[in-house]
Amino acid sequence: MKSTGITVTLALISFIAPADHRKDLLRARPCADMAIVAPNDPVQARQTVITFLVWYKTHIQVASRISLVNQKAGKPYSVNLPNGERYLAYLKSSHLLTDAYLNEWRIFFRQRNEGFQKIPQIEGPPTGFDYDLVLLTQDVDMMLASLKSLKIDTVTIVKNRATVTFTLFDAYQFRLIRSGNGWLINEILNISQE
């Protein structure tokens, strides 16, 4: 695939550059921080995001049944850490998320558990768990129902990282990392909620 991109670049150089500059341009080496992007990288990054969203829509009911917070009448909330691990394992089964992404949620679960111990909470929605943890919204059903109207705004590739920005009622940014010949989601941001 890389040879195709280089061939196209060389063809453009020979067509656009004046004859006396062509030799210099062809001899020039790419900068160390210049990314050589395979022509299908933006398509693959975009498809990874779409595939994950479709997977999540299909599996959200099972994921949402995993109780992450212990809520017993009259007792302070606590995070159910074993269920947190089950939840993360279930998300990992999509094969589209990095371990770093999952570890951030693991840290979040421990921190929220410590927070519940320091400042006990017995009523109201448990702090930090009153929204969907993947799409970071309370309107997750509406978001996923509108998946057919998903609009990818931009796909940016820099070295082994990609950023896919799209609108699904809210504006989102998924940050991906190259893994082998494909991409994995490393971070999900709901830009509209920040």
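A polar contact is a pair of N or O atoms within 3.5 Å; within protein, one of the two must be able to donate a hydrogen and the other to accept it. The exercises below apply to a predicted model.

**Exercise 1.** Describe the surroundings of Lys151, beginning with its place in the secondary structure and ending with its side chain.

*Solution.* Start with the element: Lys151 belongs to strand β3, which covers residues 151-158. Next, consider accessibility: the relative accessible area of Lys151 is 51%, and exposed means over 50%, so Lys151 counts as exposed. Then look for contacts beyond four places away in sequence, where Lys151 touches Phe166 and Thr167. Thr165 stands 14 residues from Lys151 in sequence, and their C-alpha atoms are 8.9 Å apart in space. Finally, turn to the side chain of Lys151, which makes a polar contact with the side chain of Asp153 at 2.9 Å.

**Exercise 2.** Determine how helix α4 is oriented relative to helix α5, and which residues make the contact.

*Solution.* Begin with the axes of α4 (residues 81-92) and α5 (residues 99-118), which come within 10 Å and cross at roughly 160°. Because angles over 145 degrees count as roughly antiparallel, α4 is roughly antiparallel to α5. The handedness of this crossing of α4 and α5 is right-handed. On the side of α4, the contact is made by Leu81, Gly84, Glu85, Tyr87, Leu88, Leu91 and Lys92, while α5 contributes Asp99, Leu102, Trp105, Arg106, Phe109, Arg110 and Asn113. Sorted by character, the residues of this contact between α4 and α5 comprise 7 nonpolar, 2 polar and 5 charged.

Technical notes
Residues numbered from 1 in each chain as written. Predicted model: local features only at pLDDT ≥ 70, side-chain atom pairs only at ≥ 80, totals over all residues. Heavy atoms only, no water. Helix = DSSP H or I, 4+ residues; strand = E, 2+ residues; numbered from the N terminus. Buried < 20%, exposed > 50% of the residue type's maximum accessible area, 1.4 Å probe, protein only. Contact = heavy atoms within 4.5 Å. Axes fitted to C-alpha atoms, helices over the stretch in contact; angles between N-to-C directions. Parallel < 35°, antiparallel > 145°, perpendicular 65-115°, else oblique. Left-handed = near helix turned anticlockwise from the far one by under 90°. Nonpolar A, V, L, I, M, F, W, Y, C, P; charged D, E, K, R; others polar.
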